[in-house]
Structures are given as C-alpha cells and as structure tokens.
Amino acid sequence: MIDATDDYGESYQYISFRVSGSVGQVMTLHYTVSDDAGVSYTYVTYTHGSSASMSILGTGSVTDTYELESSSTSVRIKGVDASYISDLYYTLSGDSGTETEPTTTTSTTSTTTTTTTTETITTETTTLPTETTTESATISTMTTTTTTTSGFGANRLLYTVGDVTLDGAVTLSDTILLNKYCSGMVEFNEIVMLAGDCNGDGYVDSNDVLILLKFLVSLIPPIPYTE
C-alpha cells in the first residue's frame, strides 16, 4: 500500500504492485470492494515505461483483463482506500501447452501459489501481498500511445503521462498548459486529467507541474514518479 494525500489534505492509501511476464500474456485481475466503501467505481492503471492505460471499473467483485505490453508492468488500484479492498489476486495465461512461471513479489509475508492444469492451458494464480515502497519505471525512452478499443475491454483509456496537450510528445508546452489548469485558467477532460497526474497520486495539482519540470530537465526517472 502506498500513502498519499488528496487535494483536501486527507490521507489515504492505494494498492500498487508489479507484474513480471512475457509480452502478449493475458493478466486477469480480481479483487473485492466492500459495500461500505462509499464509492460507485474504482479504476486500475497499468504502467510500462512512460505509457499507461486505465480501466474504469465498478465495485463489489471486480475482474479486469489486460494484455501485457512489457515484461514488467506496474499495476495500481485507485478510487478507494486500500482498507476496503480484499481477495486481491491475479492470473497469468501461458501459451497453449506451456507452463507459466509463477510471479512473485518482494514482501515480508509468505506468497501462496496455486497451479491449475487443464488439457491445453496452464494458468497459475498468485496471491498478492501489497508493497510498502513506491516503484518507478526504468525505461528512459518516450512512448506515444493511441486510443484503441480492440482486444481486452473497450472501457480502457490509453494516454501518455505528461502529454496534456495530446500532441504525442512531452515538452515544455505541456508544463505551461498544466500550470494553467492548476491556476484555474483552463479545464481538462478525463483523458487529460489522467495524463496530467505526473506523480501518480490520483490528483492533478502543482506537485504534478514540479514533477513534469524535473522530468523534462532529466532530474528524475520517467514519469509517473513519486517523490
């Protein structure tokens, strides 16, 4: 779980973990949001390098499917405090007739792995402990993404973190526009709000402007980045 503070100074925690697998493998994510959470939806971001995609999901028993685009993908569950989430686990599919190596995460608690074998496909389920440290991407190249509804869920939104001008590149122009939003001079739609969340805390504010400036002058690793 990662500690964060919203725009009103209230502290909350969200869940973050990293999935290792092969490009093209399908990850199926499962978790349960308790009825007293007081929210009508949750969302999951999948980050690889400087690109990210988001699934807007409901509450109760939640399932989402994502095709891995990198061998290492950061997964964050937001929209609800982590204390209301339970029964969290994911499965990774393998090629037909090929076993998938179990995914492990670093934790002080034990990891339980259950293997289920069918005639042609082997799927391994790993119970996830939550991490207590923030991880950042290590890929230094900039990736431009486009919107797509093919494959795994038409409700997934694709964007590049920091590209609030939506011109396919992260430049000083994005910093200027992001600062205008924080000053109340312009308004952002949902996609631009996601792209403007440069520190990954679920909000767009002056902290994101500072992170974006530091990224542009190479003072920090690729964004999203949490100090």
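**Exercise 1. The contact of α1 with α3**

Task: In this predicted model, find which residues of α1 meet which residues of α3, and work out how the two helices are oriented.

Solution.
- Step 1: Start with the contact list. On the α1 side, the residues are L172, D174, T175, L178, N179 and C182. Their partners in α3 are S206, D208, V209, L212, L213 and L216.
- Step 2: Sort these residues by character. Seven are nonpolar, three are polar and two are charged.
- Step 3: Recall how such a pair is described. Two packed helices are characterised by the angle between their axes and by the distance between those axes.
- Step 4: Apply that here. The axes of α1 and α3 are 9 Å apart, and the packing angle is about 170°.
- Step 5: Name the orientation. Angles over 145 degrees count as roughly antiparallel, so α1 is roughly antiparallel to α3.

**Exercise 2. The buried side of α3**

Task: List the buried residues of α3 and explain why they belong to the same side of the helix.

Solution.
- Step 1: Helix α3 covers residues 206-216, and its buried residues are D208, V209, I211, L212 and F215.
- Step 2: Look down the axis. These residues cover an arc of only 165° around it, so they lie on the same side of α3.
- Step 3: Ask what they pack against. The partners are α1 (172-182) and α2 (190-196).
- Step 4: Inspect the ends. D205 caps the N-terminal end of α3, with a side-chain oxygen 3.1 Å from the backbone nitrogen of N207. After the helix comes S218, which has a positive phi near 65°.

**Exercise 3. The matching analysis for α1**

Task: Repeat the analysis for α1: which residues are buried, and what covers them?

Solution.
- Step 1: The buried residues of α1 are D174, T175 and L178.
- Step 2: Their arc around the axis is only 100°, which places them on the same side of α1.
- Step 3: The elements covering them include α2 and α3.
- Step 4: Just past the helix, G184 has a positive phi of about 80°.

**Exercise 4. One residue in close-up: V209**

Task: Decide whether V209 is buried or exposed, and find its contacts beyond its sequence neighbours.

Solution.
- Step 1: V209 sits in helix α3.
- Step 2: Its relative accessible area is 9%. Buried means under 20%, so V209 is buried.
- Step 3: Setting aside neighbours within four places in sequence, V209 contacts T175, L178, N179 and C182.
- Step 4: For a long-range check, take G162. It is 47 residues from V209 in sequence, with a C-alpha to C-alpha distance of 9.2 Å.

**Exercise 5. Two serines and an isoleucine**

Task: Place S70, S74 and I56 in the chain and give the accessibility class of each.

Solution.
- Step 1: S70 lies in the loop between β6 (60-67) and β7 (72-78). With a relative accessible area of 12%, S70 is buried. Beyond neighbours within four places, S70 touches G21, V23 and H48.
- Step 2: S74 belongs to strand β7. It too counts as buried, at 9% relative accessibility. Beyond neighbours within four places, its contacts are S16, F17, R18, T45, Y46 and T47.
- Step 3: I56 is part of strand β5 (residues 51-57). Its relative accessible area of 32% makes I56 partly exposed. The C-alpha atoms of I56 and T42 are 6.3 Å apart, though 14 residues separate them along the chain.

**Exercise 6. Backbone angles worth a look**

Task: What is the phi of D87 and of S218, and which residues does a cis peptide bond join?

Solution.
- Step 1: Set the background. Most residues other than glycine have a negative phi, and most peptide bonds are trans.
- Step 2: D87, in strand β8 (residues 85-93), has a positive phi near 55°. At 53% relative accessibility, D87 is exposed.
- Step 3: S218, in the segment after α3, has a positive phi near 65°. S218 is also exposed, at 63% relative accessibility.
- Step 4: The cis peptide bond joins I223 and P224, with omega about 5°. P224 is likewise in the segment after α3.

**Exercise 7. Stepping back to the whole chain**

Task: How many helices and strands are there, and in what order do they run?

Solution.
- Step 1: The chain has three helices and 11 strands.
- Step 2: From the N terminus, the order is β-β-β-β-β-β-β-β-β-β-β-α-α-α.
- Step 3: Of the 227 residues, 43% are buried.
- Step 4: Among contacts with a separation of 6 or more, 66% are between residues 24 or more positions apart.

Technical notes. Residues numbered from 1 in each chain as written. Predicted model: local features only at pLDDT ≥ 70, side-chain atom pairs only at ≥ 80, totals over all residues. Heavy atoms only, no water. Buried < 20%, exposed > 50% of the residue type's maximum accessible area, 1.4 Å probe, protein only. Helix = DSSP H or I, 4+ residues; strand = E, 2+ residues; numbered from the N terminus. Arc of directions from axis to C-beta. Contact = heavy atoms within 4.5 Å. Polar contact = N/O pair within 3.5 Å; in protein donor to acceptor, adjacent residues only side chain to side chain. Axes fitted to C-alpha atoms, helices over the stretch in contact; angles between N-to-C directions. Parallel < 35°, antiparallel > 145°, perpendicular 65-115°, else oblique. Nonpolar A, V, L, I, M, F, W, Y, C, P; charged D, E, K, R; others polar.
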